[in-house]
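This report describes selected features of one protein model. It takes up charged pairs, a strand residue, a pocket and the cysteines in turn.

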Amino acid sequence: MTTTTDFQTTIAVASSPAEAFDRVCRVTDWWTTDIVGQTFGLGADFTVSFADTYVDFHISEFIPGETVSWKVTNCYLPWLADKAEWTGTTVRFDIVPTDGGSKVTLTHVGLHPGVECFEGCAAGWTHHFGESLLSLIQDGSGAPKGRQLHASLRVASTAAEAFEAICKVPQWWSTEFEGNARSLGDVFTVRFGDQHWTEFRVAEMILGQRIVWEVTDSYLESFENRTEWTGTQIIWVIQEQEGSAKLTLTHKGLDPEKGCYDSCEQGWAYFVSQSLSKLITDGKGLPGIPVATGDTNE
């Protein structure tokens with residue numbers, strides 16, 4: 001008989017419930033620095049990301065010094081058969097005073113031995129909660145995962161339509177395009193004059209769901225390390241939700257320590273949220289070097 005007992009773990013800390021509660025809510029200090037949104041306050045929403053893995057949370061309960069609950073509204077766990085396995089589960093933190101400080105209990109409601117990710121996710125919680133959060137509360141310093149570069153978009157289209165648009169690279173990124181980007185194993189090159197060129201191989205492709213472009217060679221004239229993109233990956237995740245498609249791009253391997261991080265983050269934001277968005281919704285993107293508002297690339 002399979003048990004349905006939810007995963008639960010507890011730590012004891014020499015801090016007041018108010019201090020422990022504050023540290024739990026400072027998610028970027030103990031889980032991952034790759035978070036978008038607000039992690040304090042009832043009704044707030046935030047997204048936690050690890051490369052191409054992400055989880056969308058809604059704070060459904062918020063009692064300072066006592067309890068905070070995060071309801072999972074959406075997720076993408078690429079290593080599982082059911083990539084949305086966390087959706088509908090709730091991560092709850094209960095804090096009670098003790099003689100020496102307080103006790104913090106994490107319960108992942110819906111995460112039990114009957115689900116595929118139980119063992120791996122239990123190990124993850126044991127590390128992030130039982131080690132990193134404990135260290136943050138006791139010593140003032142946790143060990144969160146580092147940030148990856150992301151860009152996301154939600155459009156009124158099907159996942160299949162969004163997937164097809166991504167593969168039309170010269171229609172939203174650069175018209176200086178050579179090769180093919182439509183099938184597994186395809187190779188292609190994207191150029192922006194002599195300033196920036198990148199060679200890609202389509203390393204993974206699941207129709208309507210996921211694409212991975214592996215950078216096999218690159219040249220970025222404006223940066224000290226001109227091959228900074230080489231060896232990185234562009235990972236696309238596409239999900240259809242309630243009549244719209246959600247696209248998430250992760251540039252894996254391009255972290256804040258890299259010289260081009262800030263400008264590349266701005267570039268991806270432009271090409272995904274503006275150019276690719278227009279291609280999907282209006283049938284015509286804005287390929288080429290980003291231009292000032294009011295100008296065009298035509």
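Which side chain meets that of Glu-178 in a salt bridge? The partner is Arg-191, with an N to O distance of 3.9 Å. Because Glu-178 belongs to strand β9 and Arg-191 to strand β10, the pair ties together parts that are 13 residues apart in sequence. Glu-178 is partly exposed, at a relative accessible area of 47%, and Arg-191 is likewise partly exposed, at 29%. These values, like those that follow, come from a predicted model.

**Salt bridges**

The count of salt bridges comes to 9. Three of these pairs are set out below.

| Pair | Closest N and O atoms |
|---|---|
| Asp-22 and Arg-26 | 2.7 Å |
| Arg-182 and Glu-164 | 2.3 Å |
| Glu-178 and Arg-191 | 3.9 Å |

The bridge between Arg-182 and Glu-164 has its closest N and O atoms 2.3 Å apart. This pair links distant parts of the chain, 18 residues apart: Arg-182 sits in the loop between β9 (176–179) and β10 (187–192), while Glu-164 is in helix α3 (residues 159–167). Arg-182 is partly exposed, with a relative accessible area of 39%; Glu-164 is also partly exposed, with 29%.

In the bridge formed by Asp-22 with Arg-26, the acidic partner Asp-22 has a relative accessible area of 18% and therefore counts as buried, the cut-off being under 20%. Arg-26 is partly exposed, with a relative accessible area of 36%. Returning to Glu-178, that residue is partly exposed at 47%. Elsewhere, salt bridges that share partners join Asp-22, Arg-23 and Arg-26 into one network.

**A buried strand residue**

Ile-59 is part of strand β4, which covers residues 53–63. Is this residue buried or exposed? Its relative accessibility is 0%, so Ile-59 counts as buried. Apart from neighbours within four places in sequence, Ile-59 contacts residues on either side of its strand in the numbering, including Gln-38, Thr-39, Phe-40, Gly-41, Leu-42, Gly-43, Ala-44 and Phe-46, together with Val-68, Ser-69 and Trp-70. By contrast, the C-alpha atoms of Ile-59 and Ser-263 are separated by 32 Å, and the two residues are 204 residues apart along the chain.

**The largest pocket**

Ser-263 appears again in the lining of the largest pocket, where Ser-263, His-196, Phe-223, Cys-264 and Gly-267 lie nearest the centre. How many residues line the largest pocket? The lining comprises 17 residues, and the space within amounts to about 440 Å³. Helix α4 (residues 261–282) supplies the largest share of the lining, namely 6 residues. By residue class, the lining divides into 10 nonpolar, 6 polar and 1 charged.

**Cysteines**

How many disulfides does a search of the whole structure find? The result is 0. For Cys-75, the closest cysteine sulfur is that of Cys-117, and because the distance between the two sulfur atoms is 8.6 Å, they are too far apart for a bond; a disulfide would require the sulfur atoms to be within 2.5 Å. Cys-75 is buried, at 0% relative accessibility. Cys-25 is buried too, with a relative accessible area of 0%.

Technical notes:
Residues numbered from 1 in each chain as written. Predicted model: local features only at pLDDT ≥ 70, side-chain atom pairs only at ≥ 80, totals over all residues. Heavy atoms only, no water. Helix = DSSP H or I, 4+ residues; strand = E, 2+ residues; numbered from the N terminus. Buried < 20%, exposed > 50% of the residue type's maximum accessible area, 1.4 Å probe, protein only. Contact = heavy atoms within 4.5 Å. Salt bridge = Lys/Arg side-chain N within 4 Å of Asp/Glu carboxyl O. 1 Å grid on protein atoms, 1.4 Å probe; cavity = no way out; pocket = protein on both sides within 12 Å on 5 of 7 lines; lining within 4 Å. Points joined across faces, edges and corners; volume = space filled by probe spheres on them. Nonpolar A, V, L, I, M, F, W, Y, C, P; charged D, E, K, R; others polar.
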